Amino acid sequence: MAVLRDINTVDALVDRVFSYNPESDANLLRRAYAFSNEAHYKQKRKGGEPYIEHPLAVAAILCYMRMDTNSLAAGLLHDTIEDTDTTVEDIKELFGDDIAFLVESLTKLSRIEFKTSEEAQAENFRKMLLAMAEDMRVILIKFADRLHNMRTLEYLSPEKREKIARETLEIYAPLANRLGIGWLKSEFEDLSFKFIMPEMYEQLVHKVAKKKEEQEGYLDELIKIVEAHIKAASIPAKVFGRVKHYYGIFQKMQKQKIPFEQVYDVIALRIITDTPSNCYGILGLIHSLWTPVPGRFKDFIGAPKSNLYQSLHTTIIGPRGERVEFQIRTDEMNRIAEEGIAAHWKYKEGDYSEKVDEKYFTWLRELVKAQKETPDAKEFLEEIKGDISSGVVYVFTPEGDIVELPQDATPVDFAYSIHTMVGHQCIGAKVNSRIVPLRYQLQNGDTVEIVTSQGHVPSRDWLKFVQTQRAKSRIKQWLKIEERKKGLILGEELLEKALRRYNLSPSLAKSKEILEIAKSYRIQTYEDLCVAIGYGRISVHRIVRKLLPEPEKIEKEKVSVKKEVQRPEESKGIKIEGIDNIMFHRSKCCYPLPGERVTGFVTRGRGISIHTADCPTLETQTIDADRLVEVEWAGGDAATYSVKMQVLTEDKRGLLAELSAVLSINNVNINQLDASTTHEKQALFNFILDIKDKHHLDEITKKLSQINGVIEVKRVKA
Ligand code: MN
């Protein structure tokens, strides 16, 4: 790309365009440049240089992508409507309908960019997709615009820099990847990385340079060996080293939780040959020279990625015991990997849509369809982020229709992609005629058949393995309705009981009076009131008491004061998947922890109390099955939770100090402690400790047990 930075005049641009497209209309480019220059002449870029440098740079990037002349002209003109007095009509008159359409579409896209909220970003993205569906060139010009802005981002304020860099990382880079434009994706990612995490970026730049230096000799040696063997086999090929881009390295470190030193494909060797069969030939050769690492061979030629990327990847143990990755592909595959969809616009002028590979558009059509079905822009953005950043599998319906799903998708995802009811009623699945579990991960080429049963309902467990946003939201929606039904039944019952207890007529439940009181809590209907009571969001006593005649009210208030709602201090930091806005608290008998199986119990007027699934309290209480609800920890918070622990030790001096030291080393806060000695010369310590989750607890239990003199460590649940 560096070579293009020397395009800083329109003459240089025209020269370059002619080098790949002699039929290009140079006059058109010169006119567009002159017009843009004139229109922007008063403006300066943030860095102080004349504004025209920006549209010229955008056109230069498009030129590098070998786009058609109209796109280049639109690149030169792209900011004129937005930033100057120019109108669409002006552009139409001077440059024709096609260019006017491109510039207008780009203007529409940039107009929504100024909003800041996440919602607006989602909306922005939606508009991008629609523009893309209309004419893919719009998005490619937008990419070029964003790329130049990213390259000159240092002139903006730190806040703006970060915001733009994030948007680039979250939306532009995955989109570029989805469209198969490898170099653009990498540059978007690296530039974003540089501005979002400057220190980490600098560190990696430094480390990669060092590694390159260290490995140079070694890799040269490998290249020579490979080249000699390829030559002996008379296969035409070039071998060279390629360095993984910085953000790619960073992602790998994050994903696999490894330090830089353990990322072994920082430098991979790439072999470019002429035909697919020679790719396999070279692969065989390499595998005969060195031992391949099991599970590392990937055949993206036989099964291309959804962005049409093709290549063979393999990792071998090299002569010095080091792992080395090889990527083997043809010239054509390499070109597609770098240029993706942009490869289709190369210099041929004329009608575009027909030349574009149908496969890109299948995906795009699906997206546009999906965005119509998901009215919530934010939800849609999440859906898209998931779908564009991960891999894809293609599977078949029994009728032979192809269905595209994200990697690791399951038969349940497949079922929901067919129809919501097929999803809800799905009880089993057959893949290639064999019965598989519902959590089976679909593979490319599988033929999937869903077995349904009328009256069957979705399970909360499905949320643990489904991959598509569609399946997730449908299941959650269903669970929400179910929870509401449960809340409603419970609330009705609680309300009726309360009325009876205060000697009020049950008919008051649906009376105007009670609705008036409900309205003061911003509840509008009888149903909503019952749900609120059932969920424990408001105290039934508080409502009913307001129905009492004055003197009794005072007296009863005394009786029921203990029943008053107390917002339990511990509910802070607890999230329960699938249920919103319900008041809940960890019960003080078993002190359940994240990571443990838990059950919820709907209390009277105190919301839901959470117990461990095996808590003795749940067994001793005469539990009303209607009041038990399925709950589950939602991950991702850093809170700690109290837990009762008992430690039995020998009665030895200094043991408490040792116990405390182990706890403090492991970041455990001691909330309460009492100690006593038994007559068997033993000491008993009762702690209340702040623990993160089940895993943390297990670790602490183990560490405490290892202390010399400790006899038993146990969790107390009652
Ligand atoms: Mn611009």
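Is D98 buried, partly exposed or exposed? With a relative accessible area of 27%, D98 is partly exposed, on a scale where buried means under 20% relative accessible area, exposed means over 50%, and partly exposed lies in between (1.4 Å probe, protein chains only). The structure is a predicted model, in which local features need pLDDT of at least 70 and side-chain atom pairs count only at pLDDT 80 or more, while totals for chains, interfaces and linings use all residues. Residues are numbered from 1 along each chain as its sequence is written, and side-chain values use heavy atoms, with hydrogens and water left out.

D98 is a useful place to begin with the charged pairs. A salt bridge here is a side-chain nitrogen of Lys or Arg within 4 Å of a carboxyl oxygen of Asp or Glu, and by this rule the count comes to 21 salt bridges. One of them joins D98 to R137, with the closest N and O atoms 2.8 Å apart. This pair links distant parts of the chain, since D98 belongs to helix α7 (residues 97-111) and R137 to helix α9 (residues 136-151), 39 residues apart; helices (H or I, at least four residues) and strands (E, at least two) are DSSP runs, numbered from the N terminus. Whereas D98 is partly exposed, R137 counts as buried, at 1% relative accessibility. D68 also takes part, and D68, D98 and R137 are linked in a network of salt bridges.

Helix α9 also holds A144, which is buried, with a relative accessible area of 1%. A144 and L184 are 40 residues apart in sequence, and their C-alpha atoms are 9.1 Å apart in space.

Helix α20 (residues 469-501) contributes to two further salt bridges, and their settings can be set side by side. In one, the side chains of E483 and R460 meet at 3.0 Å, N to O. E483 lies in helix α20 and R460 in the loop between β11 (448-452) and α20, so the pair ties together parts that are 23 residues apart in sequence. Both partners are buried, E483 with a relative accessible area of 11% and R460 with 3%. In the other, R484 and E527 meet at 3.5 Å, N to O, and this pair links R484 in helix α20 with E527 in helix α22 (residues 526-534), 43 residues apart. Here the partners are partly exposed, R484 at 33% relative accessibility and E527 at 42%.

How many of the 8 residues of helix α18 (residues 411-418) are buried? The number is 6, so helix α18 is largely enclosed by the rest of the structure. The buried residues are P411, V412, D413, F414, A415 and Y416.

The cysteines come next. A disulfide is a pair of cysteine sulfur atoms within 2.5 Å, and a search of the whole structure finds 0 disulfides. For C590, the closest cysteine sulfur is that of C615, and because the two sulfurs are 3.7 Å apart, they are too far for a bond. C590 is buried, with a relative accessible area of 0%, and C279 is likewise buried at 0%.

On the surface, patches are made of residues with over 30% relative accessible area and no salt bridge, like charges being joined within 9 Å and nonpolar side chains (Val, Leu, Ile, Met, Phe, Trp, Tyr) within 5 Å. E213, E214, E216 and D220 form a negative patch. Of these, E214 is placed in helix α12 (residues 198-232) and is exposed, with a relative accessible area of 58%. A nonpolar patch is formed by L656, I670 and L673, which together have about 200 Å² of accessible area, a quantity that comes from the Shrake-Rupley method with a 1.4 Å probe, where for residues only the protein chains shown count as cover. Within it, I670 lies in strand β17 (residues 669-678) and is partly exposed, at 32%.

Two loop residues deserve a look at their backbone angles. Most residues other than glycine have a negative phi. R66, however, has a positive phi near 55°; R66 sits in the loop between α3 (53-64) and α4 (69-77) and counts as partly exposed, at 33% relative accessibility. S234 also has a positive phi, of about 55°, although it is not a glycine, and its place is in the loop between α12 and β1 (237-243). At 63% relative accessibility, S234 counts as exposed.

Notes
Lys and Arg count as positive and Asp and Glu as negative; His and the chain ends are not counted. The place of a charge is taken as NZ of Lys, CZ of Arg, CG of Asp or CD of Glu.
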